[in-house]
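Good morning, and thank you for joining. I would like to take you through one structure, beginning with its ligand and then moving outward.

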Amino acid sequence: MDLKDHIRSIPDFPKPGILFYDISTLLRHADAWQVAMGRMARAVRAHQPDLLAGIESRGFLVAAPLALKLGCGFVMLRKRGKLPGETIPLDYGLEYGTDRIEIQADAIERGQRVVVVDDLLATGGTMAAGIQLLRNIGAVVPAAATLIELTFLQGRSRLDVPCETLVSYD
Ligand code: 5GP
């Protein structure tokens, strides 16, 4: 099955000039979503994760079912102020300004293997921040994984771990 048949591109979202790859059409197609999760599971299993970390918010949609399939735990990397209890933040640069992601301070045990999961790799800034935050709290990060890669933005070159992807656009 070609998963591209189930991913829609929408021009001028969220801003004029941006072509947005929409995974809603993949999520609502039961067979295609099963196939996508099966392929992701095979690729990610090889990195022997103890946990998957999903990046808010579409990363959760990928990471949580994948963790269930792999029989490992799931932790959330969330935007500012969303997580209860003690949290550890990481600020990272955007094209204009900065953003912050946070993780609960007790989310992982030192030395646990955590694969970071999102829906899409563009410039790689979000994924690089996720990896850094996990390392800051003592995780070993053997790999990253996304459904989609926009290869022309060369996000992969900002990562020092392999990134498993199912579909790429150039
Ligand atoms: P990056 O930090 O790699 O430039 O951007 C990746 C982040 O932006 C991901 O969290 C992803 O959800 C979001 N993103 C950027 N462009 C798209 C897009 O075209 N489609 C989707 N689904 N997400 C996008």
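The strand that contributes most to the shell around the ligand is β7, with four residues. Please keep in mind that this is a predicted model. Strand β2, residues 19-22, and helix α4 join β7 in supplying at least two residues each to that shell. In total, 16 residues surround the ligand, and the closest are Tyr-21, Ala-122, Thr-123, Gly-125 and Thr-126. By chemical character, the shell comprises eight nonpolar, five polar and three charged residues.

Let me turn to the sheet. It is an open sheet of seven strands, ordered β5-β6-β4-β3-β7-β8-β9, with mixed pairing. Why do β5 and β9 each have one side without a neighbour in the sheet? Strands β5, residues 87-93, and β9, residues 163-169, stand at the edges and have a single partner strand each, so one side of each is left free of a neighbour in the sheet. On average, neighbouring strands here are turned by 25° against each other, direction ignored.

Within the sheet, consider one pair. Strands β3, residues 51-55, and β4, residues 73-79, run parallel and are joined by five bridges. In this pairing, Leu-52 stands opposite Phe-74 of β4.

Two helices lie across the sheet strands. Helix α2, residues 30-45, lies across β7, β8 and β9, and runs at about 140° to β9. Helix α4, residues 125-136, lies across β3, β4, β5, β6, β7 and β8, at about 145° to β5.

Next, the nonpolar interior. The largest nonpolar core has 42 residues; those touching the most other members are Ala-53, Leu-66, Val-114, Val-115, Val-116 and Val-117. Elements giving two or more residues to this core are α2, β3, α3, β4, β6, β7, α4 and β8. Its largest share, six residues, comes from β7.

Which residues does Leu-66 contact, leaving aside neighbours within four places in sequence? They are Met-37, Met-40, Ala-41, Val-44, Leu-52 and Val-117. Leu-52 is also the residue opposite Phe-74 in the β3 and β4 pairing.

I will finish with a loop residue. Gly-85 lies in the loop between β4 and β5. Is Gly-85 buried or exposed? Gly-85 has 8 C-beta neighbours inside 10 Å, and therefore counts as exposed, the cut-off for that class being 12 or fewer. Gly-85 is 21 residues from Asp-106 in sequence, while their C-alpha atoms are 9.3 Å apart in space.

Key: Residues numbered from 1 in each chain as written. Predicted model: local features only at pLDDT ≥ 70, side-chain atom pairs only at ≥ 80, totals over all residues. Pairing = 2+ DSSP bridges. Axes fitted to C-alpha atoms, helices over the stretch in contact; angles between N-to-C directions. Contact = placed C-beta atoms within 7 Å. Near = placed C-beta within 6 Å. Nonpolar A, V, L, I, M, F, W, Y, C, P; charged D, E, K, R; others polar. Core = buried A, V, L, I, M, F, W, Y, C linked by C-beta atoms within 7 Å. Buried ≥ 20, exposed ≤ 12 C-beta atoms within 10 Å, placed from the backbone.
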